[in-house]
Each structure stands twice: as C-alpha cells, then as structure tokens.
Amino acid sequence: MVSLQNQIVLITGASSGIGAACAHVFAGAGAKLILAARRYERLQQLADELTKSYGNSLEIHLLQLDVRDRSAVESAISQLSPPWSDIDILVNNAGLSRGLDKLQEGNFQDWEEMIDTNIKGLLYLTRYVVPGMVKRDRGHVVNIGSIAGHQTYPGGNVYCGTKAAVRAISEGLKQDLLGTPVRVTSVDPGMVETEFSDVRFHGDRERAKKVYQGLTPLTPEDIADVVFFCVTRPSRVNISEVLLVPTDQASATLVNRRA
Ligand code: NDP
Ligand code: 8X3
C-alpha cells in the first residue's frame, strides 16, 4: 500500500459532499491538502473541522476557485509555490447537475453550467496539473464520473452526456499518459446523498429529498473510501474504473424503494 503521508492532494469541489469526505480521508492519512471550491467560507469551516480532528500539524491550502474560469484555474495552479505546486494527486470532483427536463424543453443556462463545470472545468485542472506530474515522474488523477456516464436516464440527457464525456476523457488521458508512471482512475457512483439533488432542483429541498425516499443511498464517505483505496494501491496497479451503487440501486433507473 502506498503511503499518503505528506503527499500533496488537490480536491476540487471540496466545500460539500464527496469532495469534503475525500478531504477527511486524505487528512486522516497525513496528506497535505489543497481544497478548492467557490464557497470560501465553507472551505474555511472544513479546514477548521479537519484541524480539530487531525491536529495542528495538518497542512491545508485553500483555493477559492470557479473551475469554469480557465484563466483563474491557470493562475491558481501557476501561483502555487513549493511544496504545494508539486501536486501528487488530483481529485477532479467539482461537478453538478441542473434540471431534469426533457432535452427538447431544456434550459440553455443549465446545459452550459453542466458542460462548463463537469467537462471543461475538469479538463482545465487536468491540463494545468498533469504536466507537472509527468515532469516529476509521479502522480494520480482521480475523476469523479457517475453511473450517468454509463447509462442515460430520462431527463438526464445533458448531465449524462457530461459524465459520458468524463469517462471518455479518463480513458483518453490514461492512453496519453501510457509510458509515464502517472495513473488515472474514474470513480463512478450511483445515488449518493449530498447537496447534489438540491443543486439539480435549484434549491427545491422537498423535490430533492424525494430522490432518496424509501431507499438507502450511498454516503459521501463510501465514495471517499473507494478513492482512498484506488490511490493507495502499489504503483504497478492502476484501477481504471470503479462503478459503485447502493444495494438498493440496480441501474440508473431501477431502484428499490420501500413504502
Ligand atoms: P455537492 O453538490 O454536495 O458538491 C458539489 C461540489 O462541487 C461542491 O463542493 C461545489 O462547490 C463544487 N462545484 C460546483 N460547481 C463548481 C465550480 N464551478 N467551481 C468549483 N467548484 C464547483 O455534490 P456531490 O458531492 O454529490 O458531487 C460531487 C461530484 O460527484 C460531482 O461531480 C457529481 O456529478 C458527482 N456524482 C454525484 C453523485 C450523487 O448522487 N451525489 C453520483 C455520481 C456522481 P461550490 O458550490 O462551493 O463551488
Ligand atoms: C449522479 C447520480 O443517477 O442522479 O451522478 O445521475 S444520478
């Protein structure tokens, strides 16, 4: 098992859900964390919690960053000074869904937000971080995809398209990095209870709660466990893809709801 002690880990979308759970797992393993998101105060709260749980020796660098803004991503990464600039693990987690409309009735702003965040944001981070990994001969990129990248569901159209793109991009990056020691993993969850559905339904809490009603969804910690497993395998092992679903979910559309 590879030790994460003192490794530099950049997690996008660390202010909530899966990203925040990953921050806990990496902090517990002694990594140095770069936590990125738009909501800076949420990152500060998380940093306080982590320091309380794991001690003052934990090193954390916070980045207020909108991954859709290419020049902001470029300057955030290029302005990091050592040791922060020597990123060992990039967790491309920032992402969102907006709406569940039929494509022919879809909202352009929702589409652009999903495409710009889930595809272009992930590409920007990857493009600015991976050259350093190649130069240093070490690194691991973990992309948080989705079951939605494997199976499209009604109303999922553009969101599913973005996650199918993440899957293809992960595969392409793995091919392009062949011959280097840099590893690429796609972790593709089914239903996880986070702020994801609140965001999808633009803050409609009641509608969001119904998504998980009567079933036991995954927790953000379940996903963080899998990420941790993937990045701690011996360097000869690249876990390319993990699809994990709740026991109550058999496919993107088939779930077991108790009354
Ligand atoms: P949350 O809504 O809880 O977290 C999403 C995170 O992404 C937040 O930290 C948010 O931070 C960040 N984010 C969104 N837009 C941007 C942006 N433009 N720039 C920077 N950060 C951004 O949802 P999850 O934790 O569930 O989602 C994390 C990832 O997991 C996403 O990629 C999602 O598609 C994927 N996923 C989720 C599943 C689920 O069922 N929940 C299942 C499969 C995959 P902030 O708003 O502060 O910027
Ligand atoms: C999130 C899971 O099924 O809502 O990617 O698309 S799903």
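# Exercises: ligands and packed helices

Ligand 2 is surrounded by Ser146, Ile147, Ala148, Tyr153, Tyr159, Phe196 and Arg200, where being near a molecule needs a heavy atom within 4 Å of it. Before you start: this is a predicted model, so local features need pLDDT of at least 70 and side-chain atom pairs count only at pLDDT 80 or more, while totals for chains, interfaces and linings use all residues. Residues are numbered from 1 along each chain as its sequence is written, chains are lettered from A and ligands numbered from 1 in the order in which they are written, and side-chain values use heavy atoms, with hydrogens and water left out.

## Exercise 1: ligand 2

Find out which side chains place a polar atom by an oxygen atom of ligand 2.

Step 1. Know what you're looking for: a polar contact is a pair of N or O atoms within 3.5 Å; within protein, one must be able to donate a hydrogen and the other to accept it, and residues adjacent in sequence count only if both atoms are side-chain atoms.

Step 2. Go to serine 146, where an N or O atom of the side chain is 2.5 Å from an oxygen atom of ligand 2.

Step 3. Now try the tyrosines. Tyrosine 153 has a polar side-chain atom 2.6 Å from a ligand 2 oxygen, and for tyrosine 159 the distance is 2.5 Å.

## Exercise 2: ligand 1

Work out which residues come nearest to ligand 1, then look for its polar partners.

Step 1. Ligand 1 has 29 residues around it, and the nearest are Ser15, Ser16, Arg38, Tyr159 and Thr194.

Step 2. Pick the side-chain partner: an N or O atom in the side chain of arginine 38 sits 2.7 Å from a ligand 1 oxygen.

Step 3. Check the backbone too. A polar backbone atom of isoleucine 18 is 2.9 Å from an oxygen of ligand 1, and one of glutamate 195 is 3.2 Å from an oxygen of this ligand.

## Exercise 3: α4 and α5

Describe how helix α4 packs on helix α5.

Step 1. Start with the helices themselves: α4 covers residues 108–136 and α5 covers 157–176. Helices (H or I, at least four residues) and strands (E, at least two) are DSSP runs, numbered from the N terminus.

Step 2. Two packed helices are described by the angle between their axes and the distance between the axes. Axes are lines fitted to C-alpha atoms, for helices over the stretch in contact, and angles run from 0 to 180 degrees between N-to-C directions.

Step 3. Here the axes come within 9 Å and cross at roughly 15°. That makes α4 roughly parallel to α5, a label for angles under 35 degrees.

Step 4. List some residues in contact (heavy atoms within 4.5 Å). Among them are Trp111, Met114 and Ile115 in α4, and Val158, Tyr159 and Thr162 in α5.

## Exercise 4: α1 and α2

Do the same for helix α1 (residues 17–28) and helix α2 (residues 40–54).

Step 1. Their axes come within 10 Å and cross at roughly 30°, which makes α1 roughly parallel to α2.

Step 2. Ala20, Ala23, His24, Ala27 and Gly28 of α1 touch Leu46, Glu49, Leu50 and Tyr54 of α2.

## Exercise 5: α3 and α4

Name the residues that join α3 to α4.

Step 1. The axes of this pair come within 10 Å, with a crossing of roughly 30°. The helices are therefore roughly parallel to each other.

Step 2. From α3 you get Arg70, Val73, Glu74 and Ile77, and they meet Tyr124, Leu125, Tyr128 and Val129 in α4.

## Exercise 6: backbone oddities

Locate a cis peptide bond and a positive phi.

Step 1. The bond from proline 82 to proline 83 is cis, with omega near 5°. Proline 83 lies in the loop between α3 (70–78) and β4 (89–92).

Step 2. Asparagine 6 isn't a glycine, yet its phi is positive, at about 65°. You'll find asparagine 6 in the segment before β1 (8–12).

Note on methods. Angles under 35 degrees count as roughly parallel, over 145 as roughly antiparallel, 65 to 115 as roughly perpendicular and the rest as oblique.
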